[in-house]
Each structure stands twice: as structure tokens, then as C-alpha cells.
Amino acid sequence: MSEPTIAAPPVLLETLGPDWRALARAHGTPLLVLDCDRLRLQYRRLAAALPGVTLHYAIKALPHEAVIATLADEGASFDIATSGEIALLERQYVPPARTIHTHPIKRDDEIRRALRYGCTTFVADNVDELDKLVPYRHRVGVLVRVSFPNPTARVDLSRKFGCAVDELPALLAAADARGLHVKGLSFHVGSQVDGPAAHVDAIHRCLPFLETRRPGALARATVLDLGGGFPVNYDGATPEIEAFCAPIREALALVPPHVAVIAEPGRYLAAPAMTCVTAVVGRARRGGRMWYYLDDGVYGSFSGQLYDHTRYPLLPLDARGAPEPSVLAGPTCDSVDVIAEDFPVGELRIGDLIVAPMMGAYTAASASEFNSLPRTRIVALGAPAKLAAADERVVRLA
Amino acid sequence: MARSEFVETLYDSYGQRFSIDEVFFESRTEHQHLLIFHNAKFGRVMALDGVVQTTERDEFYYHEMLAHVPLFAHGAAKRVLIVGGGDGGLLREVVKHREVEQVTQVEIDGSVVEMAKTWLPDHSRGAFDDPRFELVIADGAEYVRTAERRFDVILVDSTDPIGPGEVLFSTAFYRDCDALLAPGGVLVNQNGVPFMQLDEVRKTARAFRELFADWHFYGVAVPTYVGGIMTLGWATQEPTRRTVPLEVLEERFADAAIDTRYYTPAVHRGAFALPRFVQEAIER
């Protein structure tokens with residue numbers, strides 16, 4: 001990889017809570033350690049920073065049963081994108097009333113699967129998608145996704161999805177003409193955004209559509225979905241969530257009281273809750289530089305370096321002597337499987353551990369089994385005592 | 001203490017809720033989620049995929065109207081086919097007719113019948129043990145496509161078309177049913193609540209128009225099928241079945257000495273009078 005390596009900021013040492021060596025001995029490496037208490041803390045922090053906003057966890061960030069069970073226990077709602085995610089929620093007995101289906105582009109069988117589960121809110125951003133919902137128009141409510149381009153986001157989601165704001169009146173009229181109930185608007189300014197300006201701007205631009213009932217509409221809009229984008233601190237330079245959300249709270253004060261505000265955080269909840277523990281399995285000096293080969297890499301848990309454009313803090317537990325710029329490589333045969341090029345580290349030996357915090361979001365979720373290497377095992381600490389799937393008779397429908 | 005309630009998830013902006021006194025049975029498979037619980041008002045309630053299918057206290061509305069309207073209209077039905085209806089409530093009403101010599105029920109999932117015998121015994125009240133009864137565990141659509149026998153009455157007691165019952169609402173299925181009907185035979189199926197799902201009745205009307213010499217719908221307002229009257233589809237090649245005079249129905253009803261709580265010959269006749277918006281939807 002040609003991108004510069006980000007050195008581990010000291011603030012992250014707080015995450016060195018568990019005894020990583022003991023966990024590695026007990027479970028083997030590579031290992032992903034999911035801290036459900038940290039997940040709860042993240043949920044509570046964001047809920048406190050956005051009072052009155054219903055948080056729908058974006059399952060795609062880390063689709064794991066302990067994550068679902070923990071967040072369901074906290075009272076979270078959920079954002080579904082696929083039928084596979086519905087199956088995961090069903091196994092944890094999540095009441096469908098706490099879910100919305102937010103994929104703007106759906107196949108008919110996915111709509112039907114969601115309806116059979118009991119999810120009745122869907123997102124559309126163009127006329128074809130409205131047409132797909134017409135057969136179910138008496139059953140569903142629709143959020144229309146609006147696009148506000150945001151080139152500063154790490155992942156700009158407004159390019160792939162969303163109706164341009166100048167086309168919104170025509171799309172809303174098309175929904176009305178089809179007898180669809182438009183419940184409100186949604187937007188996604190991006191993922192891991194630098195500042196709250198894009199959210200604030202998007203809220204302001206949605207306001208005119210929320211204030212009054214359109215002539216011809218079945219009902220006035222009652223939902224505003226802020227999407228995600230809430231950033232976590234990978235590099236020590238990201239604002240705390242309380243400060244990040246302050247301008248958003250100010251903007252939300254302008255939203256009419258009949259509108260319920262929801263958001264779809266994924267990364268903010270999941271990223272700090274999981275840590276990767278990987279071991280040095282080989283080393284060589286090549287071209288005057290040390291290469292350390294680890295048992296996890298970019299085809300595995302570090303896949304987010306490719307797909308999510310994220311670099312994770314790397315904390316060697318056992319380095320000896322003066323740091324020298326070294327290469328940390330993954331376990332596959334592919335030359336692209338390099339985690340860090342110029343990582344300053346003292347001497348590592350085979351069996352030494354490297355701990356990578358902040359690896360909960362878009363890591364295991366996008367890992368592959370390239371080279372027939374199995375996906376890295378996830379061990380959940382502090383998960384709810386009984387995952388719902390264990391008891392067929394439990395009913396949590398409220 | 002955790003609040004225990006069932007909120008039906010059929011519609012986004014409207015629905016019914018039940019308090020749960022006790023859960024009797026729950027199973028989740030990759031295909032469906034089945035729940036049977038007790039509610040103070042409705043007794044035992046069975047829900048499939050979040051939608052109420054039947055309850056102990058109001059099931060008679062639906063099962064009596066699904067069974068007795070075609071059977072009394074026919075007057076001499078000997079062979080009856082039930083597609084679906086695994087809870088046994090419809091079967092219970094059918095076997096009340098002494099003229100019926102044989103009832104075949106095709107149910108896709110045998111465990112539904114076993115579950116109903118255990119947890120909804122008042123639905124079947126022993127009807128599964130009737131000597132005239134035969135249970136076939138098979139896909140209903142496949143059965144009507146391949147069966148060699150003929151039936152005087154075919155009753156389709158399906159789930160809603162979003163679920164696995166979708167094929168039971170297809171033109172091909174109705175065509176296969178028509179081929180299985182003996183001369184003078186009648187097909188009846190459920191078509192949802194038109195106030196909420198007008199497309200369903202509209203779609204069935206289009207298919208029936210293409211296939212049957214006489215077709216119509218008749219109504220029954222089942223309390224837990226929210227939204228007003230439910231429409232049951234009526235299809236036959238014999239137009240006189242629908243216009244059997246009230247006196248004849250009364251005579252048949254009296255002779256049968258069947259105890260009912262919803263059905264009467266007058267209700268039977270009146271049920272075919274449809275609200276104007278339904279008439280317009282089916283272009284009648």
C-alpha cells in the first residue's frame with residue numbers, strides 16, 4: 001500500500017483493557033475480540049449526543065449476533081439492507097416494528113421477505129423503485145432518499161444513491177400519483193465524515209419538504225432520517241461525538257415537532273467495539289527492510305483498508321530495541337496483502353502479537369476466504385447472557 | 001417486567017395489537033415464523049409471519065362462510081378438496097355435511113396439522129379423525145396440477161399472497177382447479193380485505209373472468225382480519241349455483257340440521273351483495 005501509515009496515538013492505549021496474550025493463548029490467532037460493553041457505551045454516547053433521535057444500527061458494519069443482541073437489549077432499532085440481515089435479526093427476536101429497510105435498490109423477493117418479517121418501511125430514490133412498491137402500496141410506508149453531494153466524506157454515498165434535490169418534487173408527486181404513502185425523507189452525507197456541516201446543510205435543505213402536507217399526498221411527512229456518517233477516532237484527530245453533534249442538534253431544533261428524527265449509525269457503534277489480535281508468523285529482511293508476516297491481512301479482517309479506505313492503529317505488544325521502518329504483510333500469497341509499508345517498530349519475533357483496536361466496522365464484514373484461509377474468529381466479551389436464539393419460547397414483540 | 005404483546009405488522013400505518021397472556025408455541029424456520037398465544041378477548045391466536053391467521057373466538061365467521069356457502073349452494077357435494085387450511089377449522093365445518101362422502105385436504109406442511117391438533121384443538125374438534133377424511137401432505141399447486149380425481153367443491157384456505165401461498169393466487173392454479181371440478185362444481189378461495197388490498201380481488205376477478213362461466217365474490221367481516229369485509233372468490237361453470245333461491249337454501253339448511261353461529265341462508269344470499277367500490281374493482 002502506498003498510503004502513509006498512521007502511527008498509533010497514545011490515547012488509544014486505554015483500549016488495552018483485556019489481557020490480549022491470554023486471549024490469544026485461549027482462542028488462538030488471528031482473533032477478533034468484540035467488547036459488548038464498549039458497544040453499549042458507544043450506543044449510549046450517541047443517543048446522549050442526539051437526544052430524541054431513534055438510532056437504527058446499520059447492520060452491515062458488523063453483522064454479528066452478539067452485536068444485534070447487545071444493541072437490541074439497549075433498545076436500539078435496526079437498519080436492514082438485505083434478506084440476510086433480516087435472518088440475523090430474526091434469530092435474535094428483534095421486533096420488526098423496530099426496523100426499516102433502507103436499501104434504495106431492491107429486488108421484489110427482498111421486498112416480500114421484509115414484509116413477511118414485518119418490516120413495512122422502505123426507501124426509494126427513483127420512479128422504478130416506487131413502481132416496485134406499488135403492489136404493496138397499502139402495506140408500506142416510503143422514505144424518499146435525497147442526495148446532497150459531499151466530496152469531503154471518506155465514502156461519498158451521495159454518488160451511488162439518492163434523488164437530486166431539484167428532482168425531489170417530481171419524485172414525491174410520482175409517489176403520490178401511485179398511491180404510495182411517503183412517510184418522510186432520508187439522506188446519507190457519507191461515512192466517517194470530517195465535520196457536521198454536511199448533516200446540518202442536508203437538514204436545512206429537507207426542512208421545506210417537512211413543514212406542510214403536499215397537495216395530493218396521503219399524509220404529511222413525519223420522518224427525517226439523518227443516515228450515518230458519525231465519525232470515530234481512528235487517528236486521534238477526530239472530534240468527540242458530543243462536539244460533532246452539537247451543530248446537528250441545533251439544526252434539528254428547526255425540524256417541526258410532528259417529525260420523528262432517526263439516524264442509521266453503523267461505524268460509530270461498531271468500530272471501537274472490536275479489536276484484532278494478530279501474530280507474527282514469519283519474517284525476512286528484503287531490500288534492507290524488515291518484513292513481518294502476520295496471520296491476518298487485507299483479504300481478512302484488514303479488508304477495510306481496501307474497501308473502507310481506513311487505516312487502523314497497530315500496537316505491537318513485544319517489540320524490542322529501536323524502531324525501524326518495517327513492512328507488515330498479511331498471510332496470503334498476493335502482493336497487495338500488505339497492512340503497512342513504513343511502520344516504525346523494534347524487532348519482532350515469530351509468535352509476537354500485534355493488537356489493532358478500532359476494528360469493529362467494515363472489517364470482518366467484508367473479509368474474504370481468499371487462499372482458503374478461514375475468516376478470523378470473533379470472540380464476544382460481555383454479550384447478553386442468553387442470546388435469544390437459544391430459547392425458542394422467548395417472545396420479545398413489544 | 002417485559003411487556004408482552006403481539007403487534008400485527010401487516011400495514012405500516014395501521015394495525016391491531018393483542019396482549020399476550022401466555023405463549024403456547026413458537027417456531028421459527030427460514031421459511032416462516034409461527035406463533036400461538038392466548039389473548040383474553042380472542043382466546044388462542046395463531047399468527048404466521050407477524051399476521052393473524054386465526055383465533056379461537058372469531059374463526060367461525062370465516063370457516064362457516066368458506067364451507068357452508070358453496071356446500072349448501074351445491075346441495076349434493078360428495079367430494080370436497082381443501083387446499084391449505086391446516087388448522088382444521090374449515091374441515092370441521094365441511095364434515096358437518098352428511099352428503100359429503102370424501103374430504104381430501106392438501107397441506108404443504110404436515111407439522112401445521114400436528115401443531116393445530118395440539119394447540120388449537122377447538123378448531124378441528126376431532127374432524128381429522130373423521131373416516132371420510134384424507135390428508136395429503138403436498139404442495140397444493142402441484143396437487144391440483146397432477147391429481148386425477150374430480151371434486152364437487154374446492155375450498156382454498158390460503159395465507160396472504162406475500163407468503164408461501166403466492167402460487168395459490170395464480171391464473172394457472174385457478175385453471176388447474178377448474179380442470180379438477182366435476183360438472184356443476186364450485187371453487188371458493190379467500191381474497192383478502194378489499195378496503196386494504198383491492199388489488200387482490202381485482203387480480204382474481206381478471207383470472208376468473210377468463211376461466212369461468214360464472215364468477216363473483218361474497219363477503220364476510222372477520223373481526224381479526226382488520227379493515228372490514230373480506231372477499232371470498234366464487235368460480236364455477238354452473239351459473240345456477242350462485243342463484244339458488246332462499247327457500248331452497250332454507251330447506252337444505254333445515255334438512256342438514258347443522259349448528260352454525262354465523263351462517264344462515266339469508267346471510268348466504270346477502271353476502272353476494274357487494275359494496276360499490278368492490279363491484280367497480282371487479283368490473284361488475
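Two strands pair if DSSP finds at least two bridges between them, and that is the rule to keep in mind at the first stop. Helices (H or I, at least four residues) and strands (E, at least two) are DSSP runs, numbered from the N terminus.

Before you click, note that this is a predicted model, in which local features need pLDDT of at least 70, side-chain atom pairs count only at pLDDT 80 or more, and totals for chains, interfaces and linings use all residues. Residues are numbered from 1 along each chain as its sequence is written, while chains are lettered from A and ligands numbered from 1 in the order in which they are written.

**Stop 1: the four-stranded sheet of chain B**

Select chain B and color by strand. Here you will find an open sheet of 4 strands in the order E3-E4-E5-E6, with antiparallel pairing. Strand E3 (22-28) and strand E6 (51-55) of chain B have a single partner strand each, so one side of each is left without a neighbour in the sheet. From one strand to the next, the twist averages 20 degrees; axes are lines fitted to C-alpha atoms, for helices over the stretch in contact, and angles run from 0 to 180 degrees between N-to-C directions.

Now pick out strand E4 (residues 33-39) and strand E5 (residues 43-48) of chain B, an antiparallel pair with 6 bridges. Which residue stands opposite Leu34(B) in E5(B)? Show side chains and you will see Leu48(B) there.

**Stop 2: the seven-stranded sheet of chain B**

Stay in chain B for an open sheet of 7 strands, ordered E9-E8-E7-E10-E11-E13-E12, with mixed pairing. Its edge strands are strand E9 (133-137) and strand E12 (214-220) of chain B, each pairing on one side only. The twist in this sheet averages 15 degrees from one strand to the next.

Zoom in on E12(B), which 7 bridges join to strand E13 (residues 230-236) of chain B in an antiparallel run. Label Tyr218(B) and you will find Leu232(B) of E13(B) opposite.

Add helix H1 (residues 59-74) of chain B, which packs on the sheet and touches strand E10 (151-157), strand E11 (181-190), E12 and E13 of chain B. Contact here means that the C-beta atoms of two residues, placed from the backbone, lie within 7 Å. The direction of H1(B) makes about 165 degrees with that of E10(B). Next, show helix H6 (residues 171-180) of chain B, which lies across strand E7 (79-84), E10, E11 and E13 of chain B and runs at about 145 degrees to E11(B).

**Stop 3: chain B as a whole**

Zoom out. Chain B holds 10 helices and 13 strands, and its C-alpha trace spans about 60 × 45 × 35 Å along its principal axes. A compact globule of 284 residues would have a radius of gyration near 19 Å, and the 18 Å of chain B agrees. That radius is taken over C-alpha atoms, and the globule rule is 2.2 Å times the number of residues to the power 0.38.

**Stop 4: where the chains meet**

Show both chains. The contact takes 22 residues from chain A and 25 residues from chain B. On the side of chain A that touches chain B, the elements giving two or more residues are helix H4 (83-91) and helix H5 (108-117) of chain A. H5(A) gives the most, with 3 residues.

**Stop 5: two helix pairs in chain A**

Hide chain B and select helix H2 (residues 36-49) and helix H3 (residues 65-74) of chain A, whose axes come within 10 Å and cross at roughly 45 degrees. The contact is made by Cys36(A), Leu39(A), Arg40(A) and Tyr43(A) of H2(A) with Ala66(A), Val67(A), Thr70(A), Leu71(A) and Glu74(A) of H3(A).

Move on to helix H8 (residues 197-211) and helix H9 (residues 241-252) of chain A, which pack at an angle of about 10 degrees with their axes 9 Å apart. The residues to show are His199(A), Val200(A), Ile203(A) and His204(A) of H8(A), and Pro247(A), Ile248(A), Ala251(A) and Leu252(A) of H9(A).

**Stop 6: two backbone details in chain A**

Most residues other than glycine have a negative phi, and most peptide bonds are trans. Center on Pro30(A), in the loop between helix H1 (20-27) and strand E1 (31-35) of chain A. The peptide bond from Thr29(A) to Pro30(A) is cis, with omega near -5 degrees.

Finish at His309(A), in the loop between helix H11 (304-307) and strand E13 (315-316) of chain A. Phi of His309(A) is near 55 degrees, a positive value in a residue other than glycine.
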